Amino acid sequence: MRFHTILGAFAALIAFSGLPSAVAVDVVDLSHAAIVVPDGNAVLAKAAQMLGEEVQRRTGIELPVSGQLGSPQAPSIVLGTVAALPSSVELPSAVQVPEDAEGYTLLVDSPSEKAPVAYLIGRDERGALFAAGRFIREARLEKGAIMLPPALAISSEPRYPMRGHQIGYRPTANSYDAWDLKTYEQYVRDCVIFGSNSIEIIPSLRENDLRASVMPVPQEAMNVQIAEMLHSYGLDVWLFIGLDGDVQKPEEWRSELEARDRLFALLPAVDHVMVPGGDPGHTEPAILMPWLQEMAAVLHKHFPKAGLWVSNQGFTDEQNEVFFKYLHEKQPDWLAGVVFGPWTKIDAREERERTPSRYPIRLYPDITHCIRCQYPVPEWDPAFAQTIGREPTNPRATESAHIHNVTASFANGFVSYSDGCHDDLNKMIWSAFAWDPDADVKGIVRDYARVFFGEAYADDAAEGIWMLEANWRGSAAKNEGIDKTLDHWIALGQRAGADLADNWRFQLYLLRAMSDAYVRARVIAEAAQDEQVYAALDRAKTDGVKKALRAAAEILEADGEFRVRQDLRVRIEELALKMNQSIGMQYSIYEPYLASNSERNALLDNIDRPLNDRLWLAKQIEAIGELKSEKKQLAQIDVLVHWESPAPGAIYDDLGCAWKQPHLVRQVTWAEDPGYVHGPQEEHNISVDKFSRKASDDRLSWLDQAQTQFGTPLQMRYEGLDSKAAYRIRITYAGRYKASMRLVADGMHEIHGPLPQPDPVWPVEFDVPRAATEDGTLDLEWQLAEGRGCQVAEVWLIPQP
């Protein structure tokens, strides 16, 4: 690809942002320009409309639109393609438009004897659309002013042809389903500005499906409008349609095809259809592929040029063998390509290697979730996982750019998986990096801040976004930057006043900063409560069991003493309501939000979940009180008080807590394998019921685990052991997979055979063969026997007396 900028976008404006407007600065003023666009081209007219309206939103200036150049003394913005220019326009020789599809040139011509002209020229119509988007990124747009550097010259073309996002108007979204068409179109424009050329919608195939209570119009009526709007911009319209029926039954085979026939007849435009092999879906590939062949015929009856794509999400090793064998042997012409998405049990490199070269690969990256997903936040504090949860505001600029670049070379582009605008920045990063993988991520974030916060606040907004990403590094309790991040966003809001008060993106990041700070304050305070409880229990031998239990129970009951930052909690509630009104965010399953369940960014339903072990301790204290023997009571109290150090020399790992698992083996680094196909990740259970909001009373250390997937073994290694000592291993098996696992030491000594997860959860113990530790080291490997993956919550290696 080619990319060239003379003087840079606004590096050339030096300290202009600090100068009064009356100071002379070497810039081109286009505040009185007209947009000149050729007549008779609907897509170019749409691009001109977008450009004019986006400029007006930011400056208050309504630029006139014309079909031809005006007076030589009148500044102009010429928008067109190499093949379609406004009448009387001749391109300067400096306008060198790249040859590839969607390429463009943005050039400012400012001769001394004439008014300046900005040329936004695409190789094709989409190129012109993206040139308009680049103008919005490069221009200094302030109230009453439109300015560009006088020698700006950018020629650019995309590296990857597919750059899109799933924006599904469906009941399980956390915001999209509350949007009207105007809001949806604005968001599509925002994506276009950063290079998106595709939008995927999610239709419903059942007329009697329940309509989400927050939807302004029924799902299918809205999808028809969305498809028509996307087509008007010249963007690709993708459909995501799972196959839920049992098509092994002849009547369901027919009914599923008929449902799609009805759907396609309703839609004004379809360019591609993606059918996931799983998530959702459960059809064996030997059945799925022949059925898809018939579906392709139904699709092409309505849209002859539309492409049909399929993913192998959730396929087992055996099913993948069948799938790839079918592709190689049949080489179906009706199949447009293969999709690599979440729960694909191989990595992107292997997907490309096993897929016939004739079929392009589309990435389907999950950019929307933080846990229990394709690309979890690495080494995330469990306190965040259990409160702000799976689908929070998640600006992951550095990680998004890296994940894109690690996987992109195996594909022809991407259309992302998204369930709401909480992942807004990630969309723009993926789009920008699919256009140019060599882009500077800091530059993209600053462009994002300029476009959506305004020039006056761009630096502060960009810095605040980076601070939010740093909030999620390591222990929240030890991360003092979290409070500084909140101060930063509050200060920005105070400085901006009304300029940003109703800006939903500002609200989005301010709320995240508040939530992070609230969680951190609670982690610190509630840890102190735990310490007091354990101290009270530790006095049982001197004060007596009953007195110790009563003292511990009183500390747990005095819950109010450990409630902190209630002022912040009130502000979180207030801002959540504002965001529901500004962009339809659904922060609770209850009114007025009506989220589909508490995993869908329902922050208010989870943020007060206990962040210490008070629920578990209360249950244990009650059980100890019911024991008849004081000796047994003292023994059980001792277990609680010395949970992590049950004997001298014991070695403890809280697997799933990044800073408490020093013996976990990472077969590959996160940088090499951000999807954790070949190595362990931190997994976090759902600990608040999705509908009742009742919190689990399990020990916190049981709610997170080290996890491997897709048959990858889970490994630990110990060094510096006493070669003469005997050891026992204590293990807590917990996790949503409830897998059966085999444990082997040093690759040859079976510690236990396939073992299901105990119910209820409680640690189990085994002898370690002396031969495994006599060299002073110990290698442990959990091998999956049955289930989705290995999960282990706690491990102790305990020397025996």
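In which helix is Ala132 found? Ala132 is found in helix α2, where helices are DSSP runs of H or I with at least four residues, strands are runs of E with at least two, and both are numbered from the N terminus. Before going further, a word on the model: it is predicted, so local features need pLDDT of at least 70, side-chain atom pairs count only at pLDDT 80 or more, and totals for chains, interfaces and linings use all residues. Residues are numbered from 1 along each chain as its sequence is written, and side-chain values use heavy atoms, with hydrogens and water left out.

## Around helix α2

Let us stay with Ala132 for a moment. With a relative accessible area of 0%, Ala132 is buried; the word means under 20% relative accessible area, while exposed means over 50% and partly exposed lies in between, using a 1.4 Å probe and protein chains only. Leaving out residues up to four places away in sequence, Ala132 touches Ala47, Met50, Leu51, Leu79 and Leu120; contact here means heavy atoms within 4.5 Å. Pro378, by contrast, is 246 residues from Ala132 in sequence and 37 Å from it in space, C-alpha to C-alpha.

Helix α2 (residues 125-138) also meets helix α12 (residues 441-453): their axes come within 8 Å and cross at roughly 85°. The axes are lines fitted to C-alpha atoms, for helices over the stretch in contact, and the angles run from 0 to 180 degrees between N-to-C directions. That makes α2 roughly perpendicular to α12, since angles of 65 to 115 degrees count as roughly perpendicular, under 35 as roughly parallel, over 145 as roughly antiparallel and the rest as oblique. On the α2 side the contact involves Ile136, Arg137 and Glu138, and on the α12 side Ile444, Asp447, Arg450 and Val451. Sorted by class, this contact has three nonpolar, no polar and four charged residues. For that sorting, Ala, Val, Leu, Ile, Met, Phe, Trp, Tyr, Cys and Pro are nonpolar, Asp, Glu, Lys and Arg are charged, and the others, Gly among them, are polar.

## A second helix pair

Now to α16 and helix α18 (residues 545-557), whose axes come within 8 Å and cross at roughly 170°. The two are therefore roughly antiparallel to each other. From α16, the contact uses Gln529, Gln532, Val533, Ala536 and Leu537, and from α18 it uses Ala548, Leu549, Ala551, Ala552, Ile555 and Leu556. By class, the contact of α16 with α18 has nine nonpolar, two polar and no charged residues.

## The nonpolar cores

A nonpolar core is a set of buried Ala, Val, Leu, Ile, Met, Phe, Trp, Tyr and Cys residues joined through side-chain atoms within 4.5 Å. The largest one here has 172 residues, and Phe135 and Phe453 touch the most other members. Helix α16 (residues 504-538) gives this core its largest share, 12 residues. Apart from this core lies another, of 29 residues, among them Tyr727, Ala739, Val768 and Trp782.

What does Phe453 contact, leaving aside its neighbours within four places in sequence? The list is Tyr448, Ala461, Trp489, Leu500, Asn503, Arg505, Phe506 and Tyr509.

## Two helices checked for length

The expected span of a helix is 1.5 Å times one less than its number of residues. For the 12 residues of helix α11 (residues 424-435) this gives 16 Å, and the end C-alpha atoms are 17 Å apart, which agrees. Because 12 of its 12 residues are buried, α11 is largely enclosed by the rest of the structure. Among those buried residues are Asp424, Lys427, Trp430 and Trp435.

Helix α3 (residues 181-193) has 13 residues and should span 18 Å; its end C-alpha atoms are 18 Å apart, which agrees. Its buried residues include Tyr184, Glu185, Arg189 and Cys191. Just after α3, Gly195 takes a positive phi of about 105°.

## Backbone details in the loops

A few loop residues have backbone angles to look up.

| Residue | Backbone feature | Place |
|---|---|---|
| Pro280 | cis peptide bond with Asp279, omega about 0° | loop between β14 (272-275) and α6 (285-302) |
| Pro592 | cis peptide bond from Glu591, omega near 5° | loop between α19 (566-583) and α20 (603-606) |
| Arg565 | positive phi of about 50° | loop between α18 and α19 |
| Phe710 | positive phi of about 60° | loop between β21 (704-709) and β22 (714-718) |

Arg565 is partly exposed, with a relative accessible area of 33%. Phe710 is also partly exposed, at 21%.
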